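Student: I've got a model open and I'd like to go through the labels people put on it. Can we take them one by one?

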Amino acid sequence: MFEKGNRGNTLHGILLIALFSFAAFYIAEIPFVKRLSFSPLIVGIILGMLYANSLRNRLPETWVPGIKFCTKQILRAGIVLYGFRLTLTEVAAVGLPAVVIDTIIVTGTIFLGIWLGHILKMDRDTSLMTATGSAICGAAAVLGVEPVVRCEGHKTAIAVSTVVIFGTISMFLYPIMYRSGLLNGLNEMEVAIYTGSTLHEVAHVAGAGNAMDPTDALGIAGTATITKMIRVMMLAPVLVIMGLVLSGKTNKIPHTSSSKSKITIPWFAFGFIGIICFNSFLQYILNADSVKDIPLNGTIEYIDTFMLTMAMTALGTDTSIEKFKQAGAKPFVLAGFLYIWLVVGGFLLTKYLVPALA
């Protein structure tokens, strides 16, 4: 990506996203936009989607790696830095309910996806990839499971497109549900657990949580991210188990020396936890009443918000009308059923199970 000769083009892609992100910060400060509670993250993905469906084809292909860098490395770095907003006390406050709900959602979504895929007469690879993306962390999970499933490239693209589409819908739907009173049956912590355990992408959780609770005064944004990161960490055991189950599978693509399955571990999730531990230590030794009172916390939070805005904007530039066409009918139907399970089933699980576990 940053190899000699390609470094300039990659930086051009990153700069393009950065400029969009600066614009998102400016637009988010407009009084009308502020009244809508649209954070820079939300504005960023809207700008990215508008660009994807208008001028994206005029973008030099050599800039694309820079945009991909924003959706992966910058996103992960932003989530790691998000740990500076949290402490172990807050993580402990989420505790068992988040772990249990996440476990049910992950296992239930994967098995439901496999079963529905069989009913829809879809091939197993596409069903498994789509289900895993919906179950854990969207496109990142699809890309993580790809080396284990070892399916054809176009199936990976189809699975990614479905989870990006439904994840983006959720990011706008959940804040609307919250503000319209449809989630009044849940308290703030339950809203956060519901959001973190059912939205597809880490970035979508950050965006929805930020839209519902921009300053994290209610604890929704932070708790939702913690819940999501617990869910992301489940990718590692899922990949190990999946690798063992599929170890006897006959590949449909030729084997090469470089096609061996590798287990992908989301190390950034552990970095997120490490920063929370470090931040808790800082709060203790500095005797700070809250994370806001820790020196440089505000500066780090601003930088982190900008990095997350860049990730959201880059994600938006990859959400075009063509994604709908490429997905085809059956994968889209499967992802739609799984989406209903996440929205409705996740709500019922959170409403009735979390109070029993709290």
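Student: Which residues in helix 5 are buried?

Tutor: Keep in mind that this is a predicted model. In helix 5, the buried ones are Val94, Pro97, Ala98, Ile101, Asp102, Ile105, Val106, Thr109, Ile110, Gly113, Leu116 and Gly117. To earn that label, a residue needs under 20% relative accessible area.

Student: What covers the buried residues of helix 5?

Tutor: The cover includes helix 6 (124-135), helix 9 (188-198), helix 11 (220-233), helix 12 (235-245) and helix 16 (329-357).

Student: Where does helix 5 bend?

Tutor: At glycine 95, by about 60°. Proline 97 follows within four residues.

Student: And what span does helix 5 reach, set against the expected one?

Tutor: Helix 5 covers residues 88-119, 32 residues, and goes 44 Å from its first C-alpha to its last. That is close to the 46 Å expected at 1.5 Å a residue. Past its end you'll find lysine 121, whose phi is positive, near 60°.

Student: Why is asparagine 287 called exposed?

Tutor: Its relative accessible area is 66%, and exposed means over 50%, so asparagine 287 gets the label. Asparagine 287 lies in the loop between helix 13 (267-285) and helix 14 (297-316).

Student: What makes the phi of asparagine 287 worth a remark?

Tutor: Phi there is near 55°, a positive value in a residue other than glycine. Most residues other than glycine have a negative phi.

Student: How do you know that leucine 296 counts as exposed?

Tutor: Same test: leucine 296 has 62% relative accessibility, and the cut-off is over 50%, so leucine 296 counts as exposed. Leucine 296 also lies in the loop between helix 13 and helix 14, and its phi is positive, near 70°.

Student: Why is valine 344 called partly exposed?

Tutor: Valine 344, in helix 16, has a relative accessible area of 46%. Buried is under 20% and exposed is over 50%, with partly exposed in between, so that is where valine 344 falls.

Student: Which residues form the nonpolar patch with Val344?

Tutor: Val333, Phe337, Ile340, Leu348 and Tyr352 join Val344 on the surface, with about 580 Å² of accessible area together.

Student: Last one: why does alanine 140 count as partly exposed?

Tutor: Alanine 140 sits in helix 7 (residues 139-149). Its relative accessibility is 31%, and partly exposed lies between the 20% and 50% cut-offs, so the label fits alanine 140. Alanine 140 and valine 163 are 23 residues apart in sequence and 10.0 Å apart in space, C-alpha to C-alpha.

Definitions and conventions:
Residues numbered from 1 in each chain as written. Predicted model: local features only at pLDDT ≥ 70, side-chain atom pairs only at ≥ 80, totals over all residues. Heavy atoms only, no water. Helix = DSSP H or I, 4+ residues; strand = E, 2+ residues; numbered from the N terminus. Expected span 1.5 Å × (residues − 1). Bend = angle between axes of the 7 residues up to and from the residue. Buried < 20%, exposed > 50% of the residue type's maximum accessible area, 1.4 Å probe, protein only. Contact = heavy atoms within 4.5 Å. Patch = residues over 30% accessible without salt bridge, like charges linked within 9 Å, V, L, I, M, F, W, Y side chains within 5 Å. Areas by Shrake-Rupley, 256 points an atom, 1.4 Å probe, with all protein chains shown as cover. Salt bridge = Lys/Arg side-chain N within 4 Å of Asp/Glu carboxyl O.
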